[in-house]
Amino acid sequence: MNLLVRSISSLRMISEVVQSLQVYVACECGPDSNCTFSGFFQQKKCICKPGYFAVDGKCVACLSTCKNGNCVNEGGKDICKCNPGYGNYGETTCRDCDCGPDSNCTFSGPFGQKKCICKPGYREVHGKCVDCNCGEYSKSCGYNGFGHKICDCLPGYVDNHGTCDTCICKNGNCVNEGGKYICKCGPGYGNSRGTSCIGI
């Protein structure tokens with residue numbers, strides 16, 4: 001208990017020392033801005049006027065950093081809205097970022113990885129939004145790690161080259177195995193993609 005009290009007391013003393021040092025530290029964020037110190041360790045914080053961003057400890061005009069985009073106010077906050085083919089890298093910069101038509105592209109994560117935000121019916125495959133539609137008889141559509149389209153079809157239908165189709169099985173019988181309909185081929189025939197039988 002005494003150790004905990006001493007630790008809290010030490011942290012409080014450190015905070016007081018840091019705050020006292022702020023008297024001697026310049027706090028400058030540029031013209032028409034407010035500068036303050038906040039947080040436990042009293043970090044410098046720039047409060048910028050509308051149309052400006054805090055970048056590297058200075059308030060800079062949005063127009064000077066928002067290349068390939070437009071400065072707009074959304075929800076009371078100024079943001080850099082990127083042009084098609086570009087994505088937000090942070091709040092103030094647009095970088096080349098193309099995911100295809102009718103999609104949004106951005107960067108996220110600690111290393112700024114490219115991320116595609118695809119419209120309904122599309123999936124991201126190798127950095128592009130591609131159509132993922134298996135037809136009216138599908139439950140869902142997706143892509144595997146190799147970028148191959150995978151259709152999950154309704155009972156009685158099969159994935160026929162990327163479209164859920166009726167299980168019509170010439171030279172064989174359509175059977176359900178493990179919850180999936182496949183062609184069970186007759187003698188002298190082999191299965192092709194699980195949906196048809198061809199002579200062998």
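Student: Why is Tyr157 called partly exposed?
Tutor: This is a predicted model, and in it Tyr157 has a relative accessible area of 22%. Buried means under 20% and exposed means over 50%, so Tyr157, at 22%, is partly exposed.

Student: How many aromatic pairs does a search of the whole structure find?
Tutor: The search turns up two aromatic pairs. One of them joins Tyr89 and Phe107, whose ring centres are 5.5 Å apart with 75 degrees between the planes.

Student: What makes the pair of Tyr89 and Phe107 edge-to-face?
Tutor: Two checks. Centres have to lie within 6.5 Å for a pair, and planes over 60 degrees apart count as edge-to-face. With 5.5 Å and 75 degrees, Tyr89 and Phe107 pass both, so edge-to-face is the right label.

Student: How do you know that the pair ties together parts that are apart in sequence?
Tutor: Look at where the two rings sit. Tyr89 belongs to strand 7 (residues 86–89) and Phe107 to strand 9 (residues 103–108), so the pair ties together parts that are 18 residues apart in sequence.

Student: Are Tyr89 and Phe107 buried or exposed?
Tutor: Tyr89 comes out at 31% relative accessible area, which makes it partly exposed. Phe107 has 17% relative accessibility; the limit for buried is under 20%, so Phe107 counts as buried.

Student: And why is the pair of Tyr137 and Tyr157 called stacked?
Tutor: Here the planes are 10 degrees apart and the ring centres 4.2 Å apart. Planes under 30 degrees apart count as stacked, so the 10 degrees of Tyr137 and Tyr157 settles it.

Student: Which parts of the chain does that pair link?
Tutor: Tyr137 is in the loop between strand 12 (128–131) and strand 13 (138–143), while Tyr157 is in strand 15 (residues 157–159), with the two positions 20 residues apart. As for accessibility, Tyr137 has 30% and counts as partly exposed.

Student: What makes you say that Arg95 lies over the face of Tyr89?
Tutor: Arg95 is 3.6 Å from the ring centre of Tyr89. The distance limit is within 6 Å, and the charge must also be within 35 degrees of the ring normal. Arg95 is listed as lying over the face, so the angle condition is satisfied too. Arg95 itself is found in strand 8, and at 39% relative accessibility it counts as partly exposed.

Student: Which residues lie nearest the centre of the largest pocket?
Tutor: Cys82, Tyr86, Ser103, Asn104 and Cys105, out of a lining of 20 residues. The space in this pocket is about 300 Å³.

Student: Which strands supply at least two residues each to the lining of the largest pocket?
Tutor: Strand 6 (77–82), strand 7 and strand 9. By character, the lining splits into nine nonpolar, eight polar and three charged residues.

Student: What makes Cys99 buried?
Tutor: Its relative accessibility is 1%, and anything under 20% qualifies. Cys99 sits in the loop between strand 8 (93–96) and strand 9. Its C-alpha is 9.6 Å from that of Pro84, 15 residues apart in sequence.

Student: Is Gly190 buried or exposed?
Tutor: Buried, with a relative accessible area of 16%; the cut-off is under 20%. Gly190 is in strand 19 (residues 189–192). Ile200, ten residues apart from Gly190 in sequence, is 6.1 Å from it, C-alpha to C-alpha.

Student: What is worth noting about the phi of Asn68 and of His126?
Tutor: Most residues other than glycine have a negative phi. Asn68 is not a glycine, yet its phi is positive, about 60 degrees. His126, also not a glycine, has a positive phi of about 55 degrees. Asn68 is in the loop between helix 2 (62–65) and strand 5 (69–74), and His126 is in the loop between strand 11 (122–125) and strand 12.

Student: Why is His126 called exposed?
Tutor: It has 65% relative accessibility, and exposed means over 50%, so His126 qualifies. Asn68, at 35%, counts as partly exposed.

Student: Where does UniProt place the feature "domain: EGF-like"?
Tutor: The unreviewed entry puts it at residues 61–95 and 163–198. Over residues 61–95 the chain is 11% helix and 57% strand, with the end C-alpha atoms 18 Å apart.

Definitions and conventions:
Residues are numbered from 1 along each chain as its sequence is written. This is a predicted model: local features need pLDDT of at least 70, side-chain atom pairs count only at pLDDT 80 or more; totals for chains, interfaces and linings use all residues. Side-chain values use heavy atoms; hydrogens and water are left out. Rings of Phe, Tyr and Trp (its six-membered ring) pair if their centres lie within 6.5 Å; planes under 30 degrees apart count as stacked, over 60 as edge-to-face and the rest as tilted. Helices (H or I, at least four residues) and strands (E, at least two) are DSSP runs, numbered from the N terminus. Buried means under 20% relative accessible area, exposed over 50%, partly exposed in between (1.4 Å probe, protein chains only). On a 1 Å grid over the protein atoms alone, a cavity is a set of points where a 1.4 Å probe fits but cannot get out, and a pocket is an open set with protein on both sides within 12 Å along at least five of seven lines; lining residues have an atom within 4 Å of a point. Grid points are joined across faces, edges and corners, and a volume is the space filled by probe spheres set on the points. Ala, Val, Leu, Ile, Met, Phe, Trp, Tyr, Cys and Pro count as nonpolar, Asp, Glu, Lys and Arg as charged, and the others, Gly among them, as polar. UniProt positions are given in the numbering used here, feature names are shortened, and annotations may be inferred rather than shown by experiment.
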